Amino acid sequence: MPNVVVVGTQWGDEGKGKVVDVLSRKADAVVRFQGGNNAGHTLVVNGETVILHLLPSGVLREECKCVVGNGVVVDPKVLIEEMEELEARGKALRDGQLVLSRLADVIMPYHRELDILRERRLGSQKIGTTGRGIGPTYEDKVARRGIRLGDLVEPEVLRAKLEAALPDKNRMIVEWHGGEALDLEAILAEYLAYGERLGPYLADAAGLLHRIQREGGSILFEGAQGTFLDVDHGTYPYVTSSNTVAGAACAGSGVGPTDIHEVVGIVKAYTTRVGSGPFPSEADGEMDEHLRKVGHEFGATTGRPRRCGWFDAPLLRQAARVNGLTRLALTKLDVLSGLDRIPVCVAYEGYDDEFPHDLTTAVPVYEELPGWTEDITQATALEQLPEACLAYVARLQELVGVPIDVVSVGPGRDQTLVRGDLFT
Ligand code: GDP
Ligand code: IMO
Ligand code: MG
């Protein structure tokens, strides 16, 4: 298999975890390259559900290396819990399977605290973050005062960095937000213990990926969040704090752009969003409720109800451009079964092919496509899908201009209908 980047093309939760799990069969390594445990990626294999926040979605394939790249922000406590949970379920990582970049930034307690306090202060203007400390950690990274995973095994370095950082953080927490000051010795002890636990997994992750390439292996890059949560290309300021687009796979892993061969966009057959911010094709009360109920649209990380709406073609055309998408995987098509007619946003009023820089003013133009009544969750080949269903897929492909090579008709690994050589 060539080296493949998988990205979300909407506002996250498109089913990236499921598709990465399916593709990881052909990969030597799966790499997370940005984001942190704001992500929640769900795999369903043989009826068993696994939700991953930090571990790459190749964990269920023993022969596949799982790499946490330098671009990820790591909450060590969450990572350790995730490893232990897998172990408890009899799915422990094989020796040498997990590799953590020494250069990845660490989410500290003050990052989580500040994330929550700031959101509280913003009130109705809040971003609706996951409260995991993602934004404050990336701020420190860019300000060149971050603590990296490699620092957790260097007690003197960690102490010095904490002594430099904590007084400022405590001032913000206590004086600006009325919170409680954090204790340096307690944090130091806690994080040195994490260092001891995670030390054996620390490595030169980029070097490992270069070696895999030299030996002719293939790498799968697992994006988190979605294109319109990208800090540059998304619906700023209602975005996450990292670049989520395919280009970030290179900076966040140390693999060069000429070594990326395919970019697969994951797209829901409709649209969802968690948190605040514009959503042009958001459905009205009754249909929003219907999609949430049938699609079980509740966050895999925070459990919050996801806002639901219709497929938005202009959004996808923009995602195709900023990611350089070569293929699409369409997920959750089964959720639309039973609808009489299905609205699809084909354009925004007054816009041709350019993309509005402010989505709050975008007014969708809808086309209605005929629905189907059949249950499609048992289909094992694309040809078995009802005619109206195939017509829906064909119309989306035409509107976006990128081939749809995967149609997912249920959460299970086996509920995946594929065509084209990448997936077969
Ligand atoms: P991710 O963050 O992009 O990995 O997506 P999430 O795991 O947060 O959310 C996708 C949800 O949809 C999960 O609960 C998946 O198990 C589920 N899912 C994925 N593909 C399908 C599908 O084709 N049909 C249905 N009904 N559920 C799906
Ligand atoms: P996966 O990888 C959906 C959203 C939050 C909030 C905004 C900023 O599972 O698709 P943050 O905590 O990142 O500072 O929050 O981004 N968000 C996600 N929405 N899926 C995700 O990840 C998300 N990660 C962050 O809801 O609106
Ligand atoms: Mg998710």
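**Close-up 1. Ligand 2 and its polar contacts in the predicted model.** A backbone N or O atom of Gly-40 sits 2.9 Å from an oxygen atom of ligand 2, a polar contact being a pair of N or O atoms within 3.5 Å (within protein, one must be able to donate a hydrogen and the other to accept it, and residues adjacent in sequence count only if both atoms are side-chain atoms). Side-chain N or O atoms also approach oxygen atoms of ligand 2: one from Thr-130 at 2.6 Å and one from Arg-304 at 2.9 Å. The protein covers 97% of the 540 Å² of accessible area that ligand 2 has on its own (Shrake-Rupley method, 1.4 Å probe). Around ligand 2 are 20 residues, each with a heavy atom within 4 Å; Lys-16, His-41, Thr-130, Gln-225 and Thr-240 are the closest.

**Close-up 2. Ligand 1 and its surroundings.** Here, backbone N or O atoms lie by oxygen atoms of ligand 1: Glu-14 at 3.1 Å and Gly-40 at 2.8 Å. A nitrogen atom of ligand 1 has a polar side-chain atom of Asp-334 at 2.7 Å. Alone, ligand 1 exposes 580 Å², of which the protein buries 91%. Of the 19 residues surrounding ligand 1, the closest are Lys-16, Gly-40, Thr-42, Asp-334 and Ser-408.

**Notes.** Residues are numbered from 1 along each chain as its sequence is written, while chains are lettered from A and ligands numbered from 1 in the order in which they are written. Local features need pLDDT of at least 70, side-chain atom pairs count only at pLDDT 80 or more, and totals for chains, interfaces and linings use all residues, with side-chain values using heavy atoms and leaving out hydrogens and water.
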